[in-house]
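Open the model in your viewer and keep the selection box handy. We will walk from stop to stop, and at each one you will find what to select and what is there.

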Amino acid sequence: MPTTIRRAVLTLPAAPLGAENPLPSLRTARDVHRLDAAQRKGLPADMARQTGYEPLRSVLPVRRRDHYTRKRALTDVDAIVIENDRLRATVLPGLGGRVHSLEHKPSGRHLLYANPVLQPAHFALNGAWFSGGIEWNIGATGHTPLSVAPLHAARVPAPDGGEMLRLWEWERLRDLPFQVDLWLPGGSDFLYVGVRVRNPHHRPAPVYWWSNIAVPEEAGTRVLAPAEAAWRFGYERSLRRVPVPEWDGADRTYPLNSTHAADFFYDVPGGERRWIASLGADGRGLVQTSTDALRGRKLFVWGSGRGGRRWQEWLTEPGTGGYAEIQAGLARTQLEHVPLEPGGEFAWLEAYGPLAADPAAVHGADWAAARGEAAVRLEAALPRAEVDAAYAAWRPYADTEPKESLHTGSGWGALEAARGHYDLPGTPFPPETLGEEQVPWLRFLRTGSHPSPDRALPPPPSLVSPQWRELLETTDGADLCGAYHLGVARWHTGDRSQAVRAWEGAGRLWFVKRCLAFADAEDGHPERAADRYLEAFEDACAEQREGPGWTAALAALGEEAAEALLAADRPAGAGAVLDALRPGTRERGRFQLLRARVLLAGGDAAAAREIFDRGFEVADLREGDETLGETWYATEEVLLAGGGPVTREIRARARAKELPPQYDFRMRPAP
């Protein structure tokens with residue numbers, strides 16, 4: 001059959017994403033995948049340089065997605081299906097362009113782990129993310145803020161005379177446009193993916209890219225790559241070079257042989273073909289290969305321990321089977337960012353398809369023979385020269401203008417195009433895509449002023465790039481929105497004192513008072529921060545507004561205020577804030593955990609334990625966050641002490657107890 005591209009609808013149990021958090025995310029990015037200067041010593045020079053190059057300061061200008069739930073209902077999701085007589089790929093343009101599934105039609109095999117549900121969890125840099133399929137991670141170390149965001153999608157001509165699906169957007173963390181072109185050559189067993197990231201600015205830009213592929217984690221599955229060593233990074237935050245396949249008494253190329261979550265970045269020698277494969281006990285599975293620009297290859301495992309198994313259940317449904325991730329990236333590890341020169345671009349071609357190898361060789365004790373078998377079978381199925389030729393054939397088509405829109409992304413690219421007048425052939429950002437969040441900024445671009453702020457809701461998302469900050473520095477002092485946005489932009493660049501000065505000019509608005517309170521907390525003034533948070537919270541509560549955006553704002557402010565009051569050793573005040581939250585908000589798991597902490601800080605460990613005994617779920621529990629388990633252990637210590645001091649012996653007795661499995665999300669060995 002000829003290759004076809006068609007719209008479709010995928011119906012899945014899905015939890016609603018909820019409203020975005022309208023409070024700007026001022027907190028410095030708490031990345032669990034980061035090395036300090038001491039940890040970078042001893043690394044190869046290029047790796048050390050790139051792990052310290054332009055780390056993310058915060059997730060600004062992106063807003064957080066943390067108002068989702070775990071209540072799923074059957075939901076229709078927009079999809080685009082790319083199909084030939086060999087493969088069927090289903091893409092979700094409204095959810096980051098995720099390839100949800102890839103089916104090999106002759107064998108009936110599903111090559112990816114296709115999650116049977118859409119359950120947001122806090123793994124993206126800005127919050128909501130879901131597991132499964134192939135995701136396109138761009139921006140900074142971690143899962144992209146575009147994980148659950150819409151992308152532009154269109155039909156464009158393919159190099160073989162057929163059609164391909166183009167996905168594109170403006171990535172806002174690094175202020176860069178990118179595109180992903182997917183097509184199936186006639187009769188091919190491989191999905192081709194052409195990727196391009198461009199830097200239209202007059203300054204270098206840090207670039208991060210990892211294609212993240214979820215594969216079934218079945219007994220006997222082995223991950224192979226052309227390497228004899230790997231850089232292992234665990235959630236204890238250490239990077240070390242380890243041998244492949246065996247390390248610390250186990251063959252780590254079998255995902256279930258690891259106990260805790262970990263990354264294995266394969267150290268592929270220069271000149272070797274870039275590929276990675278996940279093959280089952282029968283020697284069959286998925287292989288991914290690319291042109292050499294996509295240098296890195298990685299295996300991520302959840303591990304067989306309780307914490308990893310709990311996360312697997314959390315992200316999907318119990319009994320549906322687990323998954324591992326094989327990945328491909330621009331750098332050797334995900335801790336690195338690669339500089340892209342002004343006016344430059346990174347481009348490469350990837351291919352995804354089935355691989356069948358001799359299971360005896362794949363699972364034999366000889367690692368060189370195992371990976372050699374996979375390499376030979378890959379070369380027979382898709383020669384390296386053919387991938388290079390496909391890349392060369394695709395490059396002229398990367399600039400082809402889309403001929404039929406299939407999905408619309410955000411209006412941020414159109415706003416940047418209006419400001420910068422960029423020439424970006426192949427990825428248009430037309431003015432008709434501008435939305436209500438961009439219109440006030442377009443007005444500012446043309447007039448130099450913002451609309452008067454609504455006293456209840458914060459203004460549209462702040463913009464923090466050097467170009468927008470330069471424009472904001474010229475705003476009139478009477479422009480309250482301009483002062484607010486200028487403060488956010490200054491804070492983002494680390495200019496804290498001048499950020500506070502800007503906010504003080506608009507300090508009668510509750511959301512500006514919140515910014516000042518946050519600055520106090522960061523600068524080591526917990527009492528003043530607590531007082532300002534209380535004032536902001538009381539002002540906000542007095543507004544009595546309705547709607548999902550207002551509910552999300554009040555919940556976010558209440559959480560921050562309660563945390564600030566706890567930090568100031570004022571648990572009674574924190575409890576009063578929780579009491580003032582609206583029904584439906586204060587019952588959420590995040591606030592149940594906060595309530596337990598407040599009770600514990602106030603000396604009522606028994607009441608705190610009752611909350612755990614009744615049971616609750618923190619829907620937005622963050623990757624690597626150990627607060628849930630630590631709070632349970634802290635209540636256990638106080639209860640064992642029986643009103644006396646918590647001694648070292650009591651702490652040891654408490655820690656010897658088993659954390660209830662529903663609260664065990666630990667991704668590292670117990671300290």
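Helices (H or I, at least four residues) and strands (E, at least two) are DSSP runs, numbered from the N terminus. This is a predicted model, in which local features need pLDDT of at least 70, side-chain atom pairs count only at pLDDT 80 or more, and totals for chains, interfaces and linings use all residues. Residues are numbered from 1 along each chain as its sequence is written, and side-chain values use heavy atoms, with hydrogens and water left out.

**Stop 1: a loop residue**

Select Y68, in the loop between helix 2 (45-51) and strand 2 (73-83). Is Y68 buried or exposed? Its relative accessibility is 2%, so Y68 counts as buried; buried means under 20% relative accessible area, exposed over 50%, and partly exposed in between (1.4 Å probe, protein chains only). Now show the contacts of Y68, where contact means heavy atoms within 4.5 Å. Leaving out residues up to four places away in sequence, Y68 touches P16, L17, P120, A121, H122, A128, A619 and D620.

**Stop 2: strand 11 and its partners**

Next, select strand 11 (residues 176-183). Here 8 of the 8 residues are buried, so strand 11 is largely enclosed by the rest of the structure. Turn on the side chains: L176, F178, V180 and L182 point one way, while P177, Q179, D181 and W183 point the other way.

Add the strands beside it; two strands pair if DSSP finds at least two bridges between them. Strand 10 (residues 163-171) runs antiparallel to strand 11 and is joined to it by 7 bridges. To see one of these, select W170, whose bridge partner in strand 11 is P177. The hairpin of strand 10 and strand 11 has 4 residues between the strands, and in it D175 takes a positive phi near 65°. Strand 12 (residues 191-198) also pairs with strand 11 in the antiparallel sense, over 6 bridges. Here L182 has V193 as its bridge partner in strand 12.

**Stop 3: the nonpolar cores**

Stay with L182 and show what surrounds it. Not counting residues up to four places away in sequence, L182 touches I82, V99, W136, M164, L165, L167, L191, Y192 and V193.

Which residues have the most contacts inside the largest nonpolar core? They are W136, L165, L182, W209 and Y266, in a core of 86 residues. A nonpolar core is a set of buried Ala, Val, Leu, Ile, Met, Phe, Trp, Tyr and Cys residues joined through side-chain atoms within 4.5 Å. The largest share of this core, 7 residues, comes from strand 26 (residues 345-356). Apart from it lies another core, of 59 residues, with V464, A489, A540 and L594 among them. In soluble globular proteins, nonpolar side chains tend to be buried together.

**Stop 4: strand 24**

Select strand 24 (residues 323-329), where 7 of the 7 residues are buried. Y323, E325, Q327 and G329 point one way, and A324, I326 and A328 the other way. Strand 14 (residues 209-216) pairs with strand 24 in the antiparallel sense over 7 bridges, with P216 opposite Y323. Strand 23 (residues 296-301) is another antiparallel partner of strand 24, over 5 bridges. The bridge partner of K298 in strand 24 is Q327.

**Stop 5: helix 17**

Move on to helix 17 (residues 605-614), whose buried residues are A605, A607, A608, R609, I611 and F612. What covers these buried residues includes helix 16 (589-601) and helix 18 (627-641). Step just past helix 17 to G615, whose phi is positive, near 95°.

**Stop 6: a second loop residue**

Select S449, in the loop between helix 8 (439-447) and helix 9 (466-472). With 25% relative accessibility, S449 counts as partly exposed. Outside the residues up to four places away in sequence, S449 touches R443, F444 and D479. Draw a distance from S449 to L480: they are 31 residues apart in sequence and 9.6 Å apart in space, C-alpha to C-alpha.
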